[in-house]
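Visitor: I would like a close look at a single part of this model, the surroundings of the ligand. Could you take me through it and then on to whatever connects with it?

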Amino acid sequence: IARHVQNLEKTQLVNGLTASIAHEIRNPLAVCRGFIQLLSEMSTDKKQLSYTSIVLSELDRASSIIDDYLSFAKPQLHKIECADLSQLVSQTLNTISSFAMLRNVTIVHQLKPYLYVMIDPHKFVQSIMNIMKNGIESMPEGGTLTVDVIREKDLAVVNITDTGVGMTQKQVELLGKPYYSTKTSGTGLGLMATYSFIKIMKGKIQVRSQLGEGTCFSIILPLSADPEVSVDMAVPRYE
Ligand code: ADP
Ligand code: MG
């Protein structure tokens, strides 16, 4: 038992360290990004502009790697509260819209309001952000990302559909496994975090995909009976 406790403390120490290091690195990265952006706006030189755009995209890659790793290191407490699902989805769409525009992806959405679910809003937003990002990245030539929030009996469903490269059944089965990535600069950690977060929120994820046609991720959550409750829940991570 003593050894078990010791290992547990070690894990917590490492988690805490990772979280604070990630946090400390994020700030200087953001400062660099801001100044490089300014520099690129001041320049008309083609060569300089091509260099600054590489710096910008590499800085973004660095922060997305931190984002993916940070989601593991976050404290174990999940703040589960009652939230309007479409409001959170709409908030996420705002955040992701420039990322989509840069990649010639049009976002179409239809969000049914007043569907209340018990979730950790921050982790939920991170979860659907991962799915939307993957959807956009699956359309290198551009395309359409369709996001719908609907009600099905006592369930709320978020459908995120892309017109991208699609997956084989085998690939679909590998989703959520740690470090599974087919991208040259992918971490293979985004969906692992997403799957475990949604599971903690008593939700389910269904994936339908057709190679060369596209993919639809459905997040299915039970509707909350009482829209006022709010609880703090300590949940072991990734179980
Ligand atoms: P990463 O994006 O860093 O590769 P993820 O965990 O987010 O890691 O995704 C894992 C893999 O799942 C991706 O590399 C990709 O092969 C596949 N994938 C996920 N979403 C889609 C999608 N919408 N269309 C096609 N492939 C996808
Ligand atoms: Mg990803």
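Guide: Happy to. Among the 21 residues that surround ligand 1, the ones that come nearest are Asn134, Ser181, Gly186, Gly190 and Leu191. Please keep in mind that this is a predicted model. Sorted by class, the shell around ligand 1 holds 12 polar residues, seven nonpolar ones and two charged ones.

Two helices deserve your attention here. Both α4, spanning 121-137, and α6, spanning 190-200, give at least two residues each to the shell around ligand 1. These helices also pack against each other: their axes lie 9 Å apart and make an angle of about 140°. An angle counts as roughly antiparallel over 145 degrees, so α4 and α6 are oblique to each other. The crossing in which α4 passes α6 is left-handed. On the α4 side the contact is formed by Lys123, Ser127, Asn130, Ile131 and Asn134, while α6 brings Gly190, Leu191, Ala193, Thr194, Phe197 and Ile198. By class, this contact of α4 with α6 comprises five nonpolar residues, five polar ones and one charged residue. Look again at Asn134, Gly190 and Leu191: they take part in the contact between the helices, and they are also among the residues that come nearest to ligand 1.

From the helices, let us turn to the strands, where β7 is a good guide. Strand β7, residues 214-222, runs antiparallel to strand β6, residues 204-210, and seven bridges join them. To follow the register, start at Ser209, whose bridge partner in β7 is Thr215. Next to that pair, Arg208 has Cys216 of β7 as its bridge partner. In a regular strand, side chains alternate between the two faces of the sheet. The hairpin of β6 and β7 has three residues between the strands, and Gly212 there adopts a positive phi near 80°.

Strand β7 has another pairing as well. With strand β5, residues 155-162, β7 pairs over eight bridges, in the antiparallel sense. For a landmark in that pairing, find Leu155, which stands opposite Pro222 in β7.

Technical notes. Residues numbered from 1 in each chain as written. Chains lettered and ligands numbered in written order. Predicted model: local features only at pLDDT ≥ 70, side-chain atom pairs only at ≥ 80, totals over all residues. Near = placed C-beta within 6 Å. Helix = DSSP H or I, 4+ residues; strand = E, 2+ residues; numbered from the N terminus. Nonpolar A, V, L, I, M, F, W, Y, C, P; charged D, E, K, R; others polar. Pairing = 2+ DSSP bridges. Axes fitted to C-alpha atoms, helices over the stretch in contact; angles between N-to-C directions. Parallel < 35°, antiparallel > 145°, perpendicular 65-115°, else oblique. Left-handed = near helix turned anticlockwise from the far one by under 90°. Contact = placed C-beta atoms within 7 Å.
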